[in-house]
There are 2 protein chains.
Amino acid sequence: MTKVRVLLVDDHTVVRKGLRLAFGLEPDLEVVGEAGNGREALDLVESLRPDVVVMDLLMPVMDGVEATRELRSRFPDVEVVALTSVLEDRMVVDVIEAGAAGYMLKESRPGELFEAVRAAARGEVRLDPRAQARLVREVRGPKLREPLTERESEVLSLVAKGMTNKAIAQRLDVAEATVKSHVSSLLAKLGLRSRTQAALFALREGLVDRDA
Amino acid sequence: MTKVRVLLVDDHTVVRKGLRLAFGLEPDLEVVGEAGNGREALDLVESLRPDVVVMDLLMPVMDGVEATRELRSRFPDVEVVALTSVLEDRMVVDVIEAGAAGYMLKESRPGELFEAVRAAARGEVRLDPRAQARLVREVRGPKLREPLTERESEVLSLVAKGMTNKAIAQRLDVAEATVKSHVSSLLAKLGLRSRTQAALFALREGLVDRDA
DNA sequence: CGGCGGCTCCGCCCAAAGTCGGACGACCCC
DNA sequence: GGGGTCGTCCGACTTTGGGCGGAGCCGCCG
């Protein structure tokens, strides 16, 4: 029986090196390469053709979700196991939709990660129990959220920077009343009741950058 | 020359195991123990008496900053090197104030971390260049922020959950006017101009949980 | 063509948020 | 005890925010 060929993708060098050493102790697993972001990962997958990619989700340049989507569409035979430290509802759903065969947390025991990699190589799925819980909560959730219009999204992102309606109106060159109208309708669509809640929502969903 | 005795503190098992293996390759460094949170770390420091503690900052139970403060006051001869994946202004300053002798990022090269540990053991300081930049920006910054009172912090955390003044008043069993008063004064202290900005600030500074 | 639905835009009205000024008790220091 | 500072509390006033209805402008379809 031949080894499972693994590609590690994480922007933290320390994490990559640590994982490589840990994988080295498993006789049936072999790390064939490392990448520091999604774009590198795609290049390496093309040349190395690993069986499984262990992918961090929060990365610069090209994040893990986007990388997973692209990777799965170009190399359907390469499986992806997401490995992340944060448990974000949206990310679980997004990366599963994107084609990941696993979702593990960095705080899991290493054995669980190895088992998820082996499962992925066999075409099976392994999710951390916490990720499973989030997934079902998301799927069965009555949260059929209506999509926001372009203008509404624009307004929301400005609200999420702490701007007042007046300031937003000046920025967009419309009347303050117009901005209020957009705020009202986006609140209704999101099922929220104040701009503060909207700002928090936008941040949580990653609709806007954390700094700015 | 005797080895530098190191205690690893991180809530992620994968990270701890990885670091332990990586340290194992350095002939002059020796990992003598691991802890999953600040409280465990304090107990282990007492029994193991390491030379240097490598401390993650974001941990449950007792976070790294608090643990560092407590540790340094009880064991002044034990040095601390902070190791974290996020670069937060506040944390850099806080943990240095708390007595850390180093601040490294998980995305640094492993060699830099080892060098920081050796430096700490010699009583020297090593900061990642990015942490240095944040530190000087913070120190020279005109942002001498006044501390919030207990009540103000309480109100802020509720504001950061998207609650209205009325709802906060009911929760705290005071008049709405009182809540407004607290909001006003905390806005003044933070140099902000709306509750939305305050909520965003609270989230960024980690004064409140991301879910709730 | 006429009608319909979605998006952007706006004015009016009331509720929520924020400012200002002040009362009261706790504490400290002379 | 008198004077100072600080934190919590509150009411009256102004500013901002959000709901409601409606106008003009498309593009779509019968």
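**Exercise 1.** Which element gives the most to the surface near DNA strand C, and with how many residues?

*Solution.* Keep in mind that this is a predicted model. Start with the whole set: DNA strand C is surrounded by 20 residues. The closest are A:Arg151, A:Ala175, A:Ala177, A:Ser181 and B:Ser184. Next, look for elements that supply two or more residues: chain A brings helix H7 (150–159) and helix H9 (176–190), while chain B brings helix H8 (165–172) and helix H9 (176–190). The top contributor turns out to be H9(B), with five residues.

**Exercise 2.** Sort the surface near DNA strand C by residue class.

*Solution.* Go class by class: five residues are nonpolar, nine are polar and six are charged.

**Exercise 3.** How many residues does each chain put into the contact between chain A and chain B? Then break down the chain B side.

*Solution.* First, the head count: chain A puts in 29 residues and chain B 28. On the side of chain B that touches chain A, two or more residues each come from helix H1 (13–24), helix H5 (110–121) and helix H10 (195–204). H1(B) gives the most here, with eight residues. By class, this side of chain B splits into 10 nonpolar, 10 polar and eight charged residues.

**Exercise 4.** Is B:Gly111 buried or exposed?

*Solution.* Place the residue first: B:Gly111 sits in helix H5 of chain B. Now count neighbours: B:Gly111 has 11 C-beta neighbours inside 10 Å. The cut-off for exposed is 12 or fewer, so B:Gly111 counts as exposed. As a last step, check a pair: B:Gly111 and B:Phe23 are 88 residues apart along the chain, and their C-alpha atoms are separated by 9.8 Å.

Conventions:
Residues are numbered from 1 along each chain as its sequence is written. Chains are lettered from A and ligands numbered from 1 in the order in which they are written. This is a predicted model: local features need pLDDT of at least 70, side-chain atom pairs count only at pLDDT 80 or more; totals for chains, interfaces and linings use all residues. A residue is near a molecule or strand if its C-beta atom, placed from the backbone, lies within 6 Å of it. Helices (H or I, at least four residues) and strands (E, at least two) are DSSP runs, numbered from the N terminus. Ala, Val, Leu, Ile, Met, Phe, Trp, Tyr, Cys and Pro count as nonpolar, Asp, Glu, Lys and Arg as charged, and the others, Gly among them, as polar. Two residues are in contact if their C-beta atoms, placed from the backbone, lie within 7 Å. A residue is buried if 20 or more other C-beta atoms lie within 10 Å of its own, exposed if 12 or fewer, and partly exposed in between; C-beta atoms are placed from the backbone.
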